[in-house]
Amino acid sequence: MEPVRRQQLIDATIESVAMRGLQATTINSISKNAGLSSGIISHYFGGKQGLIEATVRYLLSNLKKGLIEKVSHNTSATQRLMFIVEANFALVQQRSDTTKTWLSFWAQSMHDEELHRLQNVNSKRLQSNLAFSFKQLMPIEQAKQAAELSAAMIDGLWLRTVLSKSDENQFKHSETLAKSYVNSLIKQYGA
């Protein structure tokens, strides 16, 4: 039952943060959303902070999983770059509860050391994944720069789309723009 209960609490946390924001989310609001006693949060996560961190890790693992499911050993560097973009604009990343939760975590990461560390892991993972593929297409220094630029473009387009409360069509348009930008970098720096 533990994995089921943990997931219920993570889902309830996402729901509560989306409805109330991170600051107004409490152990009681989470346990009420989950239909479980508040004591179970302390039992499984050690308290609200542990549950918040577990929820961020869950969102990060979903992002990683979305990419891993598409990539195989036969995937070309260019295809892999496109899959990275797609993973960041996937339907799960567009859901209202997910977007509001990401935004709340990002804002709180400025004030919370562990959330800041998790955000850095997320940023470095994106940049590292991009650099790995770009290095197969261009010299290493250009690949590093292309990865940094692409990561900023992906994050910026996603954030802009979310903040404008756009629909699925705008997410698709932003994904297309990000892919187009990645392709332009390949043409600009490619060997």
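This is a guided tour of the helices, their contacts and a few single residues, in an order that can be followed in a viewer.

**Before starting**

The model is a predicted one, in which local features need pLDDT of at least 70 and side-chain atom pairs count only at pLDDT 80 or more, while totals for chains, interfaces and linings use all residues. Residues are numbered from 1 along each chain as its sequence is written, and side-chain values use heavy atoms, with hydrogens and water left out. Helices (H or I, at least four residues) are DSSP runs, as are strands (E, at least two), and they are numbered from the N terminus.

**Stop 1: H1 against H2**

Select helix H1 (residues 2–20) together with helix H2 (residues 27–34), whose axes come within 8 Å and cross at roughly 120 degrees. Axes here are lines fitted to C-alpha atoms, for helices over the stretch in contact, and angles run from 0 to 180 degrees between N-to-C directions. That angle makes H1 oblique to H2, in a scheme where angles under 35 degrees count as roughly parallel, over 145 as roughly antiparallel, 65 to 115 as roughly perpendicular and the rest as oblique. The crossing of H1 and H2 is right-handed; a crossing is left-handed if the near helix is turned anticlockwise from the far one by less than a right angle, and right-handed if clockwise.

To see the side chains involved, show Gln8, Leu9, Ala12, Thr13, Glu15, Ser16 and Arg20 of H1, which are in contact with Ser29, Ile30, Asn33 and Ala34 of H2; contact means heavy atoms within 4.5 Å. Sorted by class, the contact of H1 with H2 consists of four nonpolar, five polar and two charged residues. In this sorting, Ala, Val, Leu, Ile, Met, Phe, Trp, Tyr, Cys and Pro count as nonpolar, Asp, Glu, Lys and Arg as charged, and the others, Gly among them, as polar.

Keep H2 selected and pick out Ser29, Ile30, Ser31 and Ala34, which are its buried residues. Buried means under 20% relative accessible area, exposed over 50%, and partly exposed in between (1.4 Å probe, protein chains only). The cover over these residues includes H1, helix H3 (39–45) and helix H4 (48–68). Just after H2, glycine 35 takes a positive phi of about 70 degrees.

**Stop 2: H4, between H1 and H7**

Now add H4 to H1: their axes come within 9 Å and cross at roughly 90 degrees, which makes H1 roughly perpendicular to H4. From H1, Gln7, Leu9, Ile10, Asp11, Thr13 and Ile14 meet Leu51, Ile52, Ala54, Thr55, Tyr58 and Leu59 in H4. This contact of H1 with H4 has eight nonpolar, three polar and one charged residues.

Next, replace H1 with helix H7 (96–109), which packs on H4 at an angle of about 120 degrees, with the axes 11 Å apart. H4 is therefore oblique to H7, and their crossing is left-handed. Show Ile52, Thr55, Val56, Leu59 and Leu60 in H4, along with Thr98, Thr101, Trp102 and Phe105 in H7, to see where the two meet. By class, there are six nonpolar, three polar and no charged residues in the contact of H4 with H7.

**Stop 3: past the end of H7**

Move to methionine 110, in the loop between H7 and helix H8 (113–134). Methionine 110 is exposed, with a relative accessible area of 64%.

**Stop 4: the nonpolar core**

The largest nonpolar core has 51 residues, and those with the most contacts inside it are Leu9, Phe89, Leu130 and Phe134. Such a core is a set of buried Ala, Val, Leu, Ile, Met, Phe, Trp, Tyr and Cys residues joined through side-chain atoms within 4.5 Å. Helix H9 (residues 140–163) gives the most to this core, with eight residues.

Centre the view on phenylalanine 89: leaving out residues up to four places away in sequence, it touches Gln94, Ile154, Leu157, Trp158, Phe171, Ser174, Glu175 and Ala178.

**Stop 5: two residues of H9, and lysine 179**

In H9, select alanine 151, which is buried at a relative accessible area of 7%. Beyond four places away in sequence, alanine 151 touches Leu126 and Leu130. Leucine 149 is also found in H9, but at 31% relative accessibility leucine 149 counts as partly exposed; counted in that way, its contacts are Tyr181, Leu185 and Tyr189.

Finish at lysine 179 in helix H10 (residues 168–189), which at 18% relative accessibility counts as buried. Again without residues up to four places away in sequence, lysine 179 touches Met82, Val85 and Glu86.
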